[in-house]
Every structure is written in C-alpha cells, then in structure tokens.
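Please open the structure in a viewer and keep the selection panel at hand. The tour below proceeds from one selection to the next.

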Amino acid sequence: MSTTAPNGAHGYADLIPLWSTMTGDEKHTAAATSTLDVLWVLYDRILRVSPSTADDPERDRFLLSKGHGPQAFYAVLAAKGFLDPTALANIAAFDSALGFHPDRNLLAGVEISSGSLGQGLGLAVGVALGLRAAGRTRPHVWVLVGDAELDEGSNDEAIAYAGAIGLDTLHVVVVDNESASYRQHGGLAARFATAGWATADVDGRDHDAMHATFTTAHPGRPFAVVASVEKKDS
Amino acid sequence: MRTRFIDATTRILDEDPRTALVLADISVDQFAPAFRAHPDRVFNVGIREQLMVGVAGGLALAGLRPIVNTIASFAVERPFEQLKISVAHQGSGIVLVSHGASYDYSSSGRTHQAPGDVALIGTLPDWAVYVPGHPDEAEALLRHAVADGDSRAYVRLSEQANAHARALVPGRFDTVRTGRAGVVLAVGPMLDAVLEATADLDVTVLYATTVRPFDADTLVAAVGGARPNVVLVEPYLAGTSAAQVAAALEDTPHRLLGLGVANADIRRYGTVDDHVRRHGLDADSLRTRITAYLAPTNPH
C-alpha cells in the first residue's frame with residue numbers, strides 16, 4: 001500500500017484528510033467513502049494518466065459513471081496533482097469547479113460529466129470504439145459504476161453490446177456496497193458474464209488484491225470487476 | 001430524403017475519416033456498403049437507442065464526428081436524456097438525423113410518429129435544427145452540419161417534400177416572395193402547400209430550413225415590410241416556434257397564427273395525406289385558415 005510519496009506528492013494516508021476538507025453533501029457521504037480505495041488503486045497503480053498527460057490522446061480514460069459522492073474522486077485527483085487541494089474546501093460553491101456531480105468542462109482530469117446514473121457505460125463503449133477507430137490501441141478505458149446504478153436499464157444495453165463485440169479495452173469496476181433496492185439474483189458478476197464479459201470479484205478495500213485482479217489478462221473480452229465494500233449505512 | 005441521406009452519408013464516410021455512423025438496427029441493410037468499407041467507424045448497436053446516443057457521445061469524446069440515425073420517435077424521444085447528458089452536457093457534438101417526421105409512418109400509428117421532436121430538442125441549448133424540404137436540401141444541410149465543427153445538430157428528414165429544391169443558406173430564412181398583408185413562414189416540406197394556399201394572397205412568404213437558431217433578423221425585416229400578421233406553418237407541433245417569433249418581435253406589436261400538427265393522439269392510421277388533411281395542413285385548409293386570419297374584418 002502506497003502510504004508515502006516522494007517530491008511533496010500525496011499518498012494514500014493523505015486521502016482522508018483531503019476528503020475531510022470537503023464539507024456538506026451528507027446524503028452522499030457513505031457513497032463517497034465506498035469508492036475511495038478502488039479509486040486510489042486505479043490512480044496509483046493502474047491508470048496510465050497523470051496531470052501532465054491529462055490531454056494526451058494516448059492516456060488511459062477513467063470515467064466516473066457513478067457521479068454521486070465525488071468527494072473521494074476529488075480527494076484522489078488532489079492527491080495525484082490533478083487539482084489544487086485548496087479547491088476542495090470550496091466544493092459545491094456557486095463558482096467552484098467541484099460540484100456534487102463532476103463536470104468535465106469545469107475540472108481538468110475529469111473525463112465525463114456525470115451524476116445521472118447509467119450514462120457512463122454507454123459513453124465508455126463509444127470512447128473505446130473511438131480510440132480503436134483512431135488507431136489508438138494503447139489506451140484502456142475504465143468505468144466505475146455503483147451496484148445500485150446498475151438498476152438503470154441503459155447499462156444493460158452497454159453490457160450486452162460490449163460483450164457481443166468483445167470490446168476488450170473496456171474495463172468496469174462495480175463498487176458493490178449493497179445499495180441497490182433489489183439484489184441481483186446470482187450476483188453482479190454473473191450479469192456481465194452472461195453477456196460474454198470476463199469477470200472477477202474482489203475485496204474493494206484490499207489494495208494488493210485489487211491490483212492483482214485489475215491487471216488480469218482478459219483477451220478478446222471486456223472485463224468487469226465487482227469490488228465489494230461494507231454495506232451502505234452499515 | 002432518407003435514400004439521399006443514406007447515399008450522402010455513405011460518401012461522407014468515405015471522404016472524411018473523422019466521421020462515424022451509429023445505428024440501432026434501422027437502416028442497417030441500406031448502409032451495408034458503408035459497413036463493409038468502414039467497419040471501424042460504422043456501428044450497429046442493435047435495438048438500443050440509449051446506447052446508440054451514448055456511443056455517439058463517447059465517439060465524440062474520442063475526437064470523432066458521429067452521425068446517428070433512426071426513426072424520429074427513437075432518435076429523440078426515447079434517448080432524450082442521453083442527448084441532454086451524454087452529448088450536450090459533455091460539451092460534445094453529434095449530428096442526429098431522424099426520418100419518419102410527424103406521420104410519414106401514417107399507418108403505423110402513434111408509436112412511430114414524432115410531431116413533438118423539434119419542440120423537445122428545442123428545450124436543449126445550442127442545438128441547430130434543420131428541416132429540409134427536398135432531398136437536395138437534406139444533403140446540403142447534412143453536409144453543412146457534419147462540417148460545422150463539433151456542433152450539435154438535429155436533421156429532421158421526411159418523405160414529404162417540395163417539388164423543387166431551393167438554394168439555401170444554413171441559418172437563414174429564404175424570402176420566396178413579398179407582400180403587404182402579412183408574413184407566412186413555411187418550414188421545410190410545408191412550402192409547396194403554403195405557396196399554393198397563398199398564390200393569390202398579398203403576403204410575404206419566408207422559407208425556413210434552419211429553425212434553430214431562429215433567423216429573427218429576416219423575420220423582423222419581413223414584418224417591417226408588411227402588416228404585422230405572422231403565420232407559422234410548421235410540419236410538427238403547431239406553435240413550436242411561437243416563442244421564437246415572440247422574442248424576435250418583442251418590440252413589434254403583432255399577431256401570430258401557429259399552424260402545424262395538433263397536439264393530440266388522433267388514433268388513426270391511413271395515408272400521409274389523410275393525416276395532412278386531419279391536421280389542416282393541405283393547401284385548401286391552409287388557404288381557408290390563412291385567408292380568414294388575414295381578413296380585413298379582423299382588428300389591426
């Protein structure tokens with residue numbers, strides 16, 4: 001676990017202090033913390049993107065589909081140098097670039113404006129296809145969705161199509177904090193597997209386990225990882 | 001117009017490597033040559049219209065210029081929030097092309113008819129809306145939209161068309177003729193019926209193939225040269241552009257008659273002509289209503 005970082009950059013231990021500088025939005029607090037470790041592992045170990053390559057066409061794309069509770073996302077972006085940590089305290093102010101749902105037009109490093117559940121996966125399919133059409137084979141596309149977000153039927157359209165065409169640059173992490181009103185019969189991974197995806201389940205708090213899982217090869221198929229965390233409000 | 005759209009888009013895909021096409025099982029057979037020529041840029045997502053627009057939004061984020069096509073009901077109404085969020089709110093642009101219009105699928109009933117499409121798109125900021133009245137105009141407006149940077153455009157195709165194409169300037173109304181008793185603004189396929197209806201009336205006839213943005217300047221100038229009686233004749237919901245007329249003429253006392261498709265589920269099948277007559281958009285009905293509206297017994 002990277003808890004320290006050189007050159008004045010921030011490490012994992014800095015995330016909660018960064019997170020705590022943001023106030024308000026109590027409704028989304030549990031959701032915000034559910035994603036913290038997944039986001040950290042992605043930005044610390046997986047995604048080939050940095051503040052200096054945030055506009056590089058060859059960067060990996062991370063799409064926060066579940067735009068709710070973005071404080072963890074902002075904390076990780078601040079820790080990784082995408083945004084000035086002093087901006088965090090101003091979250092959701094009228095003139096802030098940091099809203100309770102992120103806006104890519106306001107904040108560098110944010111790939112999509114999200115908040116309406118079920119939009120990110122379809123966008124990610126398009127981004128992956130667009131990169132392929134442009135001859136860019138290096139970038140991977142990662143999407144974070146919530147288990148309750150998968151209630152939205154638009155996700156099924158994307159899951160079915162991406163599986164059918166074997167879109168193997170597409171990666172989805174489902175952060176499962178059991179917040180869906182109705183649990184998926186047979187488990188969330190099965191929903192992707194039946195559509196032809198490679199799937200895995202992992203502890204959404206275990207950094208090394210996530211690193212190992214996220215780097216698993218999945219030739220010819222998109223990859224869905226269900227990262228389980230504590231039940232919401234538990 | 002649909003056939004022309006397919007032919008023109010097939011050529012555009014050949015000409016411009018930045019373009020892409022996203023379909024949802026509609027028009028797939030007709031685009032077979034495009035699928036063969038550009039398998040990396042031509043996509044059929046199946047019967048999944050939310051994904052159709054979402055994929056287009058993602059392609060735009062990746063730097064492409066997506067063209068999207070299906071029947072108007074499924075191009076605008078079903079995936080409306082994707083148009084709002086996955087495209088517009090991202091700051092991205094696509095060229096959304098629909099066919100079927102208000103009742104081209106006359107015998108298919110309400111499910112395949114979208115008289116509210118332009119009104120709905122009009123609630124979103126910064127979408128250009130093009131309503132060609134002839135296949136040549138459809139191609140010209142399509143090519144203009146595709147070439148117009150990363151703008152957001154809606155191109156509304158119909159099998160109803162005028163007999164002859166007119167030279168058009170995107171964004172501008174075309175002054176077909178001038179008169180003194182009022183100004184009739186005919187949108188897209190309504191022009192021939194309007195010209196027939198007003199043949200012996202002393203009115204200015206403007207022709208619109210771009211309705212958003214709304215060419216207020218041309219309307220204001222036309223109203224300045226005639227009595228301020230304005231008649232809108234739109235091939236979609238009656239009065240869809242009434243707010244635009246009101247804003248254009250905010251300093252000009254005027255009257256407005258909005259003619260178009262009634263906001264009603266009429267539960268009828270039949271032919272396109274049946275529907276045209278039912279909504280009073282045939283030349284005889286238009287003539288009766290416009291003549292009564294302009295009658296000198298009216299105030300003003």
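Two residues are in contact when their C-beta atoms, placed from the backbone, lie within 7 Å. The model on display is predicted.

**First stop: where the chains touch**

Select chain A and chain B together. How many residues does the contact take from chain B and from chain A? Chain B gives 26 residues and chain A gives 22 residues. Next, on chain B, highlight α3 (49–61) and α5 (80–89): each of these helices supplies at least two residues of the side of chain B that touches chain A. Of that side, the largest share comes from α3(B), with nine residues. Colouring the side of chain B that touches chain A by residue class will show 11 nonpolar, 11 polar and four charged residues.

**Second stop: chain A alone**

Hide chain B and show chain A as a cartoon. Eight helices and five strands make up its secondary structure. Followed from the N terminus, the elements of chain A appear in the order α-α-α-β-α-α-β-α-β-α-β-α-β. Chain A has a radius of gyration of 17 Å, close to the 17 Å given by the globule rule for 234 residues, so chain A is as compact as a globular protein of that length. A box drawn along the principal axes of the C-alpha trace of chain A would span about 45 × 40 × 35 Å.

Now colour chain A by burial: 46% of its 234 residues count as buried. For a contact map of chain A, consider the contacts with a separation of 6 or more; residues 24 or more positions apart account for 75% of these.

**Third stop: the two domains of chain B**

Bring chain B back and hide chain A. Select residues 2–156 of chain B as domain 1 and residues 174–294 of chain B as domain 2. The C-alpha centres of these two domains of chain B are 26 Å apart. The contact between them takes 23 residues from domain 1 of chain B and 21 residues from domain 2 of chain B.

Which elements give two or more residues to the side of domain 1 of chain B that touches domain 2 of chain B? Select α6 (117–121), β5 (127–130) and α7 (135–147) of chain B to see them. The strand β5(B) gives the most to this side, with four residues. By class, the side of domain 1 of chain B that touches domain 2 of chain B comprises 12 nonpolar, seven polar and four charged residues.

Notes:
Residues numbered from 1 in each chain as written. Chains lettered and ligands numbered in written order. Predicted model: local features only at pLDDT ≥ 70, side-chain atom pairs only at ≥ 80, totals over all residues. Domains from an automatic or database assignment. Nonpolar A, V, L, I, M, F, W, Y, C, P; charged D, E, K, R; others polar. Rg over C-alpha atoms; globule rule 2.2 N^0.38 Å. Buried ≥ 20, exposed ≤ 12 C-beta atoms within 10 Å, placed from the backbone.
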